[in-house]
Amino acid sequence: MKFITLNNGINMPMLGFGVYGLEEGAQCVNTVRFAIETGYRSIDTASGYDNEKSVGQAIRESGVARDDIFLTTKLGNGAQREGTVQAAFDESLAKLGLDYIDLYIIHWPCPGHFEAAWLALEKIQASGKVRAVGVSNFQAHHIETIKKTWAFAPALNQIELHPLLTQKPLINFCRENGIAPQAWSPLGGNRPLQERIFTSPAVSRLAEKYSKSPAQIVLRWNIECGVVTIPKSANEDRITQNFNIFDFALTPQEMTEIDALNENLRGGPDPDNFNF
Ligand code: A2P
């Protein structure tokens, strides 16, 4: 496993397991347990995924020491709009049944509210119940806005990022501000985008060259870009496959070929225009 050191000195695995869409109960518990058995040590959930209870249960029952697992969860938009950030954090912690969270991030930048939410996260960080705080779906202008009043920069910004949306300017902006970039939907998220990425000449050729799947090529590209990545899968073969990306490397030329697939094409909502 490769690790990234966040701006407050803590280490985070570069590859994690995303649990969006896993149903609270046996499906989520068993899938997260399988991911941990496979070797994943970073799990990414959110209050909005409605599966924090099961994620916490799987972690507690995994037999792996709590401090060997990096757990991320996210502040929901409702609590952000209502200004009940501390209560939302406490509720996540209670549902997870854990003593602390490794990374707590603002899920979406709700206009008129994300500034106060960031200041509330800074306070939560001071409470010692979270090891790092960050943001998600923030564009450069959202970061510029919180920068005016922040005591410190977010540790990380989790954004939609895949070969059709490489986000190079935002990655550079984040790095200039000491903020680690992280990819959600690293495989493209929805089927049509994923198909286009997986069947592109660049990704297909590299999959053949390295005897890897297209998904493994894309995840390896993430890691070599220095981007933390959290593929989601509910399927044991694909969970295993997505973990096995540390036994080969892409050349700089091959990295450039994947970068060139960029079309600034989103599969998910636009952070400047969402209504949930
Ligand atoms: P499944 O859960 O059936 O494996 P992303 O993380 O980019 O949002 O992608 C998640 C989607 O990609 C899910 O639909 C997931 O389906 C699918 N997926 C995850 N890993 C792989 C893989 N290695 N190959 C093909 N599809 C994958």
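This report covers the ligand site and the pocket around it in a predicted model.

**Ligand and its shell**

The ligand sits in the largest pocket. It is surrounded by 17 residues. Closest to it are Leu187, Ser233, Ala234, Arg238 and Gln241. Sorted by class, this shell holds 8 polar, 6 nonpolar and 3 charged residues. Two helices each give at least two residues to the shell: helix 8 (191-198) and helix 11 (236-243).

**Polar contacts**

Oxygen atoms of the ligand pair with polar protein atoms at the distances below.

| Residue | Protein atom | Ligand atom | Distance |
|---|---|---|---|
| Leu187 | polar backbone atom | oxygen | 2.8 Å |
| Lys232 | side-chain N or O | oxygen | 3.0 Å |
| Gly188 | backbone N or O | oxygen | 3.5 Å |

Leu187 and Gly188 thus appear with backbone atoms. Lys232 appears with its side chain. How much of the ligand's accessible area does the protein cover? On its own, the ligand has 560 Å² of accessible area, and the protein covers 84% of it.

**The pocket**

The volume of the largest pocket is about 940 Å³. Its lining counts 38 residues. Tyr20, Trp184, Ser185, Gly189 and Lys232 are the closest to the pocket centre. Lys232 is also the residue whose side chain lies 3.0 Å from a ligand oxygen.

Which elements each supply at least two residues of the lining? Strand 8 (156-160), helix 8 and helix 11 do. Helix 8 and helix 11 also contribute to the ligand shell. By class, the lining divides into 19 polar, 14 nonpolar and 5 charged residues.

Note on methods:
Residues are numbered from 1 along each chain as its sequence is written. This is a predicted model: local features need pLDDT of at least 70, side-chain atom pairs count only at pLDDT 80 or more; totals for chains, interfaces and linings use all residues. Side-chain values use heavy atoms; hydrogens and water are left out. A residue is near a molecule or strand if one of its heavy atoms lies within 4 Å of it. A polar contact is a pair of N or O atoms within 3.5 Å; within protein, one must be able to donate a hydrogen and the other to accept it, and residues adjacent in sequence count only if both atoms are side-chain atoms. Accessible areas come from the Shrake-Rupley method with a 1.4 Å probe; for residues, only the protein chains shown count as cover. On a 1 Å grid over the protein atoms alone, a cavity is a set of points where a 1.4 Å probe fits but cannot get out, and a pocket is an open set with protein on both sides within 12 Å along at least five of seven lines; lining residues have an atom within 4 Å of a point. A molecule sits in a cavity or pocket if more than half of its atoms lie within 2 Å of its grid points. Helices (H or I, at least four residues) and strands (E, at least two) are DSSP runs, numbered from the N terminus. Ala, Val, Leu, Ile, Met, Phe, Trp, Tyr, Cys and Pro count as nonpolar, Asp, Glu, Lys and Arg as charged, and the others, Gly among them, as polar. Grid points are joined across faces, edges and corners, and a volume is the space filled by probe spheres set on the points.
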